[in-house]
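Reader: I'd like to talk through how two chains meet. Could you show me the structure and give me the reasoning behind each label?

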Amino acid sequence: MAKYAITGALAAVSGSYKTVLDVFATSGALRRGKVFDVLIGTNGTPADNYLQWDISRMTADGTGTAVTPNPLDPADVAALATAKNNYSAEPTITANSSLFNVGVNQRASYRWVAAPGSELLFPATAGNGLALRTLSGGYTGSATGGFMYEEQ
Amino acid sequence: MRRPGGYACSAEPDGRRQECDTFTCAHCNRITHVGPGQRPEDIGGLCKVCMGLICPACVGQVCVPFLKKLDWMEARARFRREI
């Protein structure tokens, strides 16, 4: 059960949800995934705005830039799941599937860590995964996010 | 809370650090933040069937543990691939 870290960014936050980072099972070799660490923040010009962050389930990929998952243990094999960031065409998000929704000041950073057994899970089904998205009413700069996850 | 299912911390702009425990719903996998002194009935409850903590949206619903739902999702996808 190898663990991986992925980080991503969204170049321009807007008033509707845009995907900063996601991880999903790909076709072919499939494994369940468990997200156990989420880190979110911004790296634009500091100002007081809110950002609404959300993690929802996705069922199909959109158009984003690939991110290579880094094994936390260098001896582990490459990840089977696919990770992407900075989406220009949103992945297919399952309605009412939000697992995490929090409003954070633009100047703040936020981290969530799961205890073993309480991770966010995604099935070993092609295209299914978890998408970290954000929106803001005032901020249009860049947002950053990171996941650590385990493949089962 | 005793034996929390997770931990959230936020570094605020004024230098404060906010921290709180969380738990992950045993039925829908949603994260619930548990503020200090919150009453258990305000943040969901304990499912007496699977003995897992559940979020407010899952209170009063039939017990279907999330791991069972994952099995169903995977079985449905396998079935679709095979037909």
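Author: Sure. Buried area is the accessible area, taken with a 1.4 Å probe, that two parts lose on being put together, summed over both. This is a predicted model, and here chain B and chain A bury about 2000 Å² between them, 54% of it on carbon and sulfur atoms. Asn29(B), Ile31(B) and Glu74(B) supply 24% of what chain B buries against chain A, more than any other three residues.

Reader: What makes Asp71(B) and Arg32(A) a salt bridge?

Author: The cut-off is 4 Å between a side-chain nitrogen of Lys or Arg and a carboxyl oxygen of Asp or Glu. The closest N and O atoms of Asp71(B) and Arg32(A) are 2.5 Å apart, so the pair qualifies. Across this interface of chain B and chain A, the rule finds 2 salt bridges.

Reader: Which element of chain B gives the largest share of the side that touches chain A?

Author: That's H1(B), with 8 residues. By class, that side of chain B has 13 nonpolar, 7 polar and 5 charged residues.

Reader: Why are E10 of chain A and E1(B) said to pair?

Author: Two strands pair if DSSP finds at least two bridges between them. Strand E10 (residues 109-114) of chain A and E1(B) have 6 bridges, so they count as paired, in the antiparallel sense. Within that pairing, Ala114(A) stands opposite Gly6(B).

Reader: And how many residues are in contact on each side?

Author: 25 residues of chain B are in contact with 25 residues of chain A.

Key
Residues numbered from 1 in each chain as written. Chains lettered and ligands numbered in written order. Predicted model: local features only at pLDDT ≥ 70, side-chain atom pairs only at ≥ 80, totals over all residues. Heavy atoms only, no water. Contact = heavy atoms within 4.5 Å. Helix = DSSP H or I, 4+ residues; strand = E, 2+ residues; numbered from the N terminus. Nonpolar A, V, L, I, M, F, W, Y, C, P; charged D, E, K, R; others polar.
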